[in-house]
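Here are some exercises to work through with the model open beside you. Try each task before you read its solution.

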Amino acid sequence: MSKQKILITKRVYPDAVEFLKGRFEVDYEGTNAGLGTEQFIERARGCGAVVSQLTDKLGAEVLARLDGVKVIANVAVGYDNVDVPAATARGIAVTNTPGVLTETTADFAFTLLMATARRIPEAHAFVHSGAWKTWLIDLLAGQDIHGATLGLVGLGRIGAAVARRARGFGMRILYCDAMAAPLELEKELGATRVGMEELLREADFVSLHVPLTAETKHLIGRAELALMKPTAVLINTSRGPVVDEAALAEALESKTIWAAGLDVFEAEPKVHEKLLALDNAVLAPHIASASVATRRRMSMMAAENAAAALEGVKPANLLNPEVWK
Ligand code: GLV
């Protein structure tokens, strides 16, 4: 019997490719470019599985043109790039990579929080430029982290992991979430559930940890930014469209809020022009889960999900179990 075929759309860590090559016929160029829509559809023809990345936009129209694909294994915990209901309607399984990136992403969210509060990118550029002449009382003065109030929007796996880090800094922790966390978790984290408005008014740092859905698109817009303190810092390591980027750029420019640390953007890799010009916008290129170990684990997890589905075993991280009968 000929081997089943798998398409890997973009470069992943090599052990994942080797694992798949041992079992299937693998279509893998290993480039960074990714595939355009037509190329994707063409290359997916005859494949039972696709290992995709968040840069592959797999909307209903694309899914409708796939033939024979049984599983899409996305190398990310977020899956807003795949229309899961449309996949379900076509009987295509969709998987993601939860858990393995929780701690690494929380590390980064906290790193970004600290770098933004204490103005590390500005300080680095200042020293490198040779502009440093003397000690000054207010040179690059930032915001305190210890003892400050952290407002977590979303207390899922990553939000909770950020809260654990914040505990070590003696922060007061507020959160809002559609669902209350179990009491033991609230207790462990010392986290208090509040409404969104209270969180925005009270928090010195607001950190976003929600998936991108129709409900969370522009969750933070002009009105929400206006509620935040002038000394507040916004951190976004979730998805760009959760924040109205134009409204944020205005708030940062007019100092309605103090600063923002952003790892994700509305139209990646494009960044709002105003943000690029502002010192109080600390920007990173969607790297929150990017430690070598974690990105390797994510690659392998996606490969294992794809392999399981092709071998008739329910994948561990199936997002639409209704397709698995
Ligand atoms: C990265 O953004 C992910 O969702 O894993």
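**Exercise 1: The sheet with E5**

Val71 stands opposite Ala93 in E5. This is a predicted model, in which local features need pLDDT of at least 70 and side-chain atom pairs count only at pLDDT 80 or more, while totals for chains, interfaces and linings use all residues. Residues are numbered from 1 along each chain as its sequence is written, and side-chain values use heavy atoms, with hydrogens and water left out.

Task: find which strands pair here, and give the order of the open sheet of 5 strands.

Solution, step by step:

1. Settle the terms. Helices (H or I, at least four residues) and strands (E, at least two) are DSSP runs, numbered from the N terminus. Two strands pair if DSSP finds at least two bridges between them.
2. Start from Val71 and Ala93. Strand E4 (residues 71-74) pairs with E5 in the parallel sense over 3 bridges.
3. Move to E1. Strand E1 (residues 5-8) and strand E2 (residues 25-28) are parallel, with 4 bridges, and Ile8 has Tyr28 in E2 as its bridge partner.
4. Follow the chain between these two strands. From E1 it passes through helix H1 (residues 14-21) to E2, a right-handed β-α-β crossover (with the strands pointing away from the viewer, the path from the first strand over the helix to the second runs clockwise).
5. Look at another partner of E1. Strand E3 (residues 49-52) pairs with E1 in the parallel sense over 3 bridges, and Leu7 is opposite Val50 in E3.
6. Put the order together: E2-E1-E3-E4-E5, with parallel pairing. E2 and E5 (93-95) each have a single partner strand, so one side of each is left without a neighbour in the sheet. From one strand to the next, the twist averages 15° (axes are lines fitted to C-alpha atoms, for helices over the stretch in contact, and angles run from 0 to 180 degrees between N-to-C directions).

**Exercise 2: The sheet of 7 strands**

Task: work out why one side of E8 and of E12 is left without a neighbour in the sheet.

Solution, step by step:

1. Read the order of this open sheet: E8-E7-E6-E9-E10-E11-E12, with parallel pairing.
2. Check the edges. Strand E8 (191-193) and strand E12 (281-283) stand there with a single partner strand each, so one side of each has no neighbour in the sheet.
3. Add the twist, which averages 20° from one strand to the next.
4. Inspect one pair. Strand E6 (residues 149-153) and strand E7 (residues 172-176) are parallel over 5 bridges, and Gly151 has Leu174 in E7 as its bridge partner.

**Exercise 3: The ligand**

Task: list the residues around the ligand, then find the polar contacts of Gly78, Arg239 and His286.

Solution, step by step:

1. List the shell: Leu54, Ala76, Val77, Gly78, Leu101, Arg239, His286 and Met298 (near means that a heavy atom lies within 4 Å).
2. Look for polar contacts (pairs of N or O atoms within 3.5 Å). A backbone N or O atom of Gly78 is 2.8 Å from a ligand oxygen. For a polar side-chain atom of Arg239 the distance to a ligand oxygen is 2.7 Å, and for a side-chain N or O atom of His286 it is 2.6 Å.
3. Consider cover: taken alone the ligand exposes 190 Å², and the protein buries 90% of that (Shrake-Rupley method, 1.4 Å probe).

Technical notes. A polar contact is a pair of N or O atoms within 3.5 Å; within protein, one must be able to donate a hydrogen and the other to accept it, and residues adjacent in sequence count only if both atoms are side-chain atoms.
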